[in-house]
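New to this one? Have a look at the sequence and the fold first, and then walk through the notes below.

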Amino acid sequence: MKFLKKIDKVLAAFGNMRALERNHVDTFTENLIQNIPGNKIAESNEGQIWTSFQNLAGYYFLNTTVLSHIKIRSTKGTKLMFCDGQNNFMITSDSDDINSNFSNISKCWITKINYIINKEQLKNIKKNNINKIKLSYKKKTLTFFGNLHTDASTLKPHLIQ
């Protein structure tokens with residue numbers, strides 16, 4: 001393995017783009033991962049969902065950050081379904097273009113997705129009684145399990161291995 005790293009350094013010195021990419025340390029994306037705003041509301045083996053809320057001119061926004069080992073890429077947006085055991089509601093991303101950023105330090109993808117929500121949906125999410133969250137994009141679905149009753153100030157981003 002050390003031998004391959006040395007070869008990559010030599011190839012990078014000669015301008016080989018793939019070797020340059022393999023040697024690049026992405027501290028910017030890693031800093032984003034270590035300082036995710038909001039609270040973690042759900043997690044699974046597929047990753048974690050962190051949320052924060054905004055109120056702009058009477059519109060409520062759910063700002064989500066998905067930390068995962070899976071790259072999320074869509075040109076048709078995403079859907080987020082919340083299940084609390086009795087009621088389900090689905091929201092659609094406010095942007096169609098969704099793309100993850102990779103950190104080669106922690107070997108995971110970070111994806112920021114924003115949703116417009118109403119007051120009722122905001123109350124349901126803030127109650128923290130969500131049992132399951134499904135993130136759908138293209139023909140794929142990631143499932144996260146919620147109802148995390150922990151002190152949000154102690155939560156640090158990490159992926160379940």
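Let's start with one pair of residues: Cys-83 sits opposite Lys-132, which belongs to strand 10. Keep in mind that this is a predicted model. Strand 10 covers residues 132-137, and it makes a handy starting point for a quick tour.

**Strand 10 and its partners**

- Strand 5 (residues 79-83) and strand 10 run antiparallel, and five bridges hold the pairing.
- Strand 10 also pairs with strand 11 in antiparallel fashion, this time through six bridges.
- In that second pairing, Ser-136 is found opposite Thr-141 of strand 11.
- In a regular strand, side chains take turns between the two faces of the sheet.
- Strand 10 shows this alternation: Ile-133, Leu-135 and Tyr-137 point to one face and are buried.
- Lys-132, Lys-134 and Ser-136 point to the other face and are not buried.

**The turn after strand 10, and a positive patch**

- Strand 10 and strand 11 make a hairpin with two residues between the strands, and Lys-138 takes a positive phi near 50° there.
- Most residues other than glycine have a negative phi.
- Lys-138 goes the other way, with a positive phi of about 50° even though it is not a glycine.
- Lys-138 lies in the loop between strand 10 and strand 11, and it counts as exposed because its relative accessibility is 60%.
- Which residues gather with Lys-138 in a patch of positive charge on the surface? They are Lys-71, Arg-73 and Lys-140.
- Lys-140 is part of strand 11 (residues 140-145).
- At 47% relative accessibility, Lys-140 counts as partly exposed.

**The hairpin of strands 1 and 2**

- Strand 1 (residues 39-44) and strand 2 (residues 47-56) run antiparallel and are joined by five bridges.
- These two strands form a hairpin, with two residues between them.
- Glu-43 has Gln-48 of strand 2 as its bridge partner.
- Glu-43 also forms a salt bridge with Lys-40, and their closest N and O atoms are 3.0 Å apart.
- Side chains of opposite charge can pair when their charged atoms come close.
- How many salt bridges does the count come to? It comes to one.
- Is Lys-40 buried or exposed? Lys-40 is buried, because its relative accessible area is 7% and the cut-off for buried is under 20%.
- Glu-43, at 22% relative accessible area, is partly exposed.

**A second positive phi**

- Where is Ala-57 placed? Ala-57 is in the loop between strand 2 and strand 3 (59-68).
- The phi of Ala-57 is near 55°, which is positive in a residue other than glycine.
- Ala-57 counts as exposed because its relative accessible area is 78%, and the cut-off for exposed is over 50%.

**A buried tyrosine in strand 9**

- Tyr-115 is located in strand 9 (residues 108-117).
- Tyr-115 counts as buried because its relative accessibility is 0%.
- Tyr-115 and Ser-95 are 20 residues apart in sequence, while their C-alpha atoms are 8.2 Å apart in space.

Technical notes. Residues are numbered from 1 along each chain as its sequence is written. This is a predicted model: local features need pLDDT of at least 70, side-chain atom pairs count only at pLDDT 80 or more; totals for chains, interfaces and linings use all residues. Side-chain values use heavy atoms; hydrogens and water are left out. Two strands pair if DSSP finds at least two bridges between them. Helices (H or I, at least four residues) and strands (E, at least two) are DSSP runs, numbered from the N terminus. Patches are made of residues with over 30% relative accessible area and no salt bridge: like charges are joined within 9 Å, nonpolar side chains (Val, Leu, Ile, Met, Phe, Trp, Tyr) within 5 Å. Accessible areas come from the Shrake-Rupley method with a 1.4 Å probe; for residues, only the protein chains shown count as cover. A salt bridge is a side-chain nitrogen of Lys or Arg within 4 Å of a carboxyl oxygen of Asp or Glu. Lys and Arg count as positive and Asp and Glu as negative; His and the chain ends are not counted. The place of a charge is taken as NZ of Lys, CZ of Arg, CG of Asp or CD of Glu. Buried means under 20% relative accessible area, exposed over 50%, partly exposed in between (1.4 Å probe, protein chains only).
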